[in-house]
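Colleague: I would like a close look at the packing in this protein. Please start with one polar side chain and its surroundings, then go on to the core.

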Amino acid sequence: METLKILRDYFPTAVFTGKCLVFISEDWRVELTEHKESDYTRGGKGPSVIRVRVFKKALNGEFVPGHYEDFQLDPLSELADQIEKYVQSAIGKNVKEAFE
C-alpha cells in the first residue's frame, strides 16, 4: 500500500480507498491496486506490482471491466508516467481532463 499512497501525490484527482487508488468520471473508472512480489526467492527486493484496471460505463449505468495491465517499474516517477500514458491511451483522453 505504500506505493499507492505515494502515487496519490502524482494523481491528485484519484481517491485512496484504503485498498486501491480510484479515478472516476462520468464514463470511466480506473483502479490501481498494489500486489507484492510472490517470488520469495528474490528476497522481497524490487518494486511492487501495480495493477491498473480500466472500466467503461455501460448503457445500464454499471461500470464494465475492460482491460488491465501490471506495472513494475522503478523509480516511482517513471511508474507514474507510464501509468498515466497507459490510462490516457485506454480512455482516449488526457488523465487530468478526464478525471477532474
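Modeller: Start at Glu-2. Its backbone nitrogen lies 3.4 Å from a polar atom of the side chain of Glu-34. The backbone nitrogen of Leu-4 also lies 3.4 Å from a polar atom of the Glu-34 side chain. Polar contacts here are N or O pairs within 3.5 Å; within protein, one atom must be able to donate a hydrogen and the other to accept it, and residues adjacent in sequence count only if both atoms are side-chain atoms.

Please note that this is a predicted model, where local features need pLDDT of at least 70, side-chain atom pairs count only at pLDDT 80 or more, and totals for chains, interfaces and linings use all residues. Residues are numbered from 1 along each chain as its sequence is written, and side-chain values use heavy atoms, with hydrogens and water left out.

The mean pLDDT (the predictor's confidence in each residue, from 0 to 100) is 90 for the protein, and 91% of its residues reach 70 or more. Among the elements, strand 4 has the highest mean, 97, and helix 3 the lowest, 86. Helices (H or I, at least four residues) and strands (E, at least two) are DSSP runs numbered from the N terminus.

Back to Glu-34. It lies in strand 3. At 10% relative accessibility it counts as buried; the classes are buried under 20% relative accessible area, exposed over 50% and partly exposed in between, with a 1.4 Å probe and protein chains only. Leaving out residues up to four places away in sequence, Glu-34 touches Met-1, Glu-2, Thr-3, Leu-4, Ser-48, Val-49 and Ile-50. A touch, or contact, means heavy atoms within 4.5 Å.

Now the core. The largest nonpolar core has 23 residues. Such a core is a set of buried Ala, Val, Leu, Ile, Met, Phe, Trp, Tyr and Cys residues joined through side-chain atoms within 4.5 Å. Leu-7, Leu-32, Val-52, Ile-83, Val-87 and Phe-99 have the most contacts inside it. At least two residues each come from helix 1 (2-10), strand 2 (21-24), strand 3 (28-35), strand 4 (49-57), helix 2 (76-91) and helix 3 (95-98). Helix 2 gives the most, seven residues. Take Val-87: not counting residues up to four places away in sequence, it touches Val-30, Val-52, Val-95 and Phe-99.

Next, the rings. There are three aromatic pairs. Rings of Phe, Tyr and Trp (its six-membered ring) pair if their centres lie within 6.5 Å; planes under 30 degrees apart are stacked, over 60 edge-to-face and the rest tilted. Phe-11 and Phe-23 have ring centres 5.2 Å apart and planes at 80°, so this pair is edge-to-face. Phe-11 is in the loop between helix 1 and strand 1 (15-16) and Phe-23 is in strand 2, so the pair ties together parts twelve residues apart in sequence. Both are buried: Phe-11 at 5% relative accessible area, Phe-23 at 1%. Phe-23 also pairs with Phe-99, tilted, at 5.3 Å centre to centre and 45° between the planes. Phe-99 is in the segment after helix 3, so its pair with Phe-23 in strand 2 ties together parts 76 residues apart in sequence. Phe-99 is buried too, at 3%. Ring pairs thus join Phe-11, Phe-23 and Phe-99 in a cluster.
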